[in-house]
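Visitor: Could you take me through one part of this structure up close? I'd like to see how a helix sits against its partners.

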Amino acid sequence: MLRQLVDKVLDSFKDETINFEKCYRPVLIAMNVCGIPLGMKNTDEPTTLPVWMVYIFGWILYCLNIVSGLMLISIEKREKSPFFTNNRTTAWQWNYGITTYNSVFSSIAAHTVLLAITTVRWKHLARIFHRMDRINQFGLKDFEAFRAIFRSGLVFAIISYLAIGFQSISAFFMADVDVWKMVIYSFQRGFIIVILLAGVLFFCFGRMASTMLQILGQEMTKFISSDDQQSFENIDVVIAKWNRHYFMAIDFVHQFNRCFGCLLLVLIAPIFIRVISTSFFLMIELKDGQWTAAVTLNLIVLLVHFVAFIFAANIPHRIRQEAIDLTKKLRRFQLKDFTHQNQVNVLMMEISNSLPKITAAGFFDIDLQLIPTLIGTTLTYLIILFQFQTSENT
């Protein structure tokens, strides 16, 4: 009996001390294991020896990424398997070469951005979390929702990594290449775990930002629909709290965009290229009217990249939509007191003038409007490549 009571007290103590660090700790530990030193402690503390060791380990992995990528490109340029040369047109070989270059350089570029930009700007994002912890902006139920987001993201990264590894090995077995080439290729493709974890961080933080705004919207709805007159007597405090919580969430989105904007820039373009090249491979294989293992593999790759692109574009759209929904809720909030109604109108105007958005390092906005662009670009280049393919066959 006494032991059960002690266990309950300890569990309640653990729940009371939950914070943002405990929510995103599993993903950050995985990033540190991969050599990306994203700290979990207070940013004002001096850099410790373990952090420096992670940083050095990260640059060693980065050098290995470059070396293995260059070796893979050298192998592809110097030696060709019969699978890649027999009955293959110049357009097909060029498309395959572009796919290889795209895969290698996207991995190196993402690794570079994570080490040189994201790790430097991470401290500003961490400060936002510490500020939110200090003002107790969220409750235990909210933190449980945040923790579930990161747990599901980490599980998704592990499953995706295993699936990509299986796909890479299967492709080389079908191509019938030498074992040592397959080892080099598999080693270089292993660095995709860094991209996967970075993508998971982007998705989780984006989902967290939209959840923050959703929680604020639920508070507004609950207050507006309440009949408690005592609550309306403290309307000044409530509006100030809404204002503080909203702009804290906006600061979080801004710092989150500074951390991952450059990463989005170096990942969105390779997704475009991979979708185009994979669609071309599918078109050539299906033209013969035969459904082979290569067709199935390319179809899976195409669907995965397209779904990943939709998720990446939907995150900023969802954040912005949650902010727009806040203005809709405030518009329905009508007060008899002119001063209080004016405060509500000012808050509504401030939200409307500061709607959050995610950009690729400021070059272009990331939203659902990119999906028609991806489809249109893919169809355009498919027509061009198909014309080259047809001209060679004739």
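Guide: Here is a look at helix H10 and its packing partners. This is a predicted model, where local features need pLDDT of at least 70, side-chain atom pairs count only at pLDDT 80 or more, and totals for chains, interfaces and linings use all residues. Residues are numbered from 1 along each chain as its sequence is written, and side-chain values use heavy atoms, with hydrogens and water left out. For context, the chain has 13 helices and zero strands, taken as DSSP runs (H or I, at least four residues; E, at least two) numbered from the N terminus.

Now H10 itself, which covers residues 235–287. Helix H11 (residues 293–331) packs on H10 at about 155 degrees, their axes 9 Å apart; axes are lines fitted to C-alpha atoms over the stretch in contact, and angles run from 0 to 180 degrees between N-to-C directions. That angle makes H10 roughly antiparallel to H11, a label for anything over 145 degrees. The two cross left-handed, meaning the near helix is turned anticlockwise from the far one by less than a right angle. Their contact has 20 nonpolar, four polar and two charged residues. Here Ala, Val, Leu, Ile, Met, Phe, Trp, Tyr, Cys and Pro count as nonpolar, Asp, Glu, Lys and Arg as charged, and the others, Gly among them, as polar.

H10 has another partner in helix H8 (residues 192–224), at about 165 degrees and with axes 10 Å apart. So H8 is roughly antiparallel to H10 as well, and H8 passes H10 in a left-handed crossing. By class, that contact has 24 nonpolar, two polar and two charged residues.

Note on methods: Angles under 35 degrees count as roughly parallel, over 145 as roughly antiparallel, 65 to 115 as roughly perpendicular and the rest as oblique.
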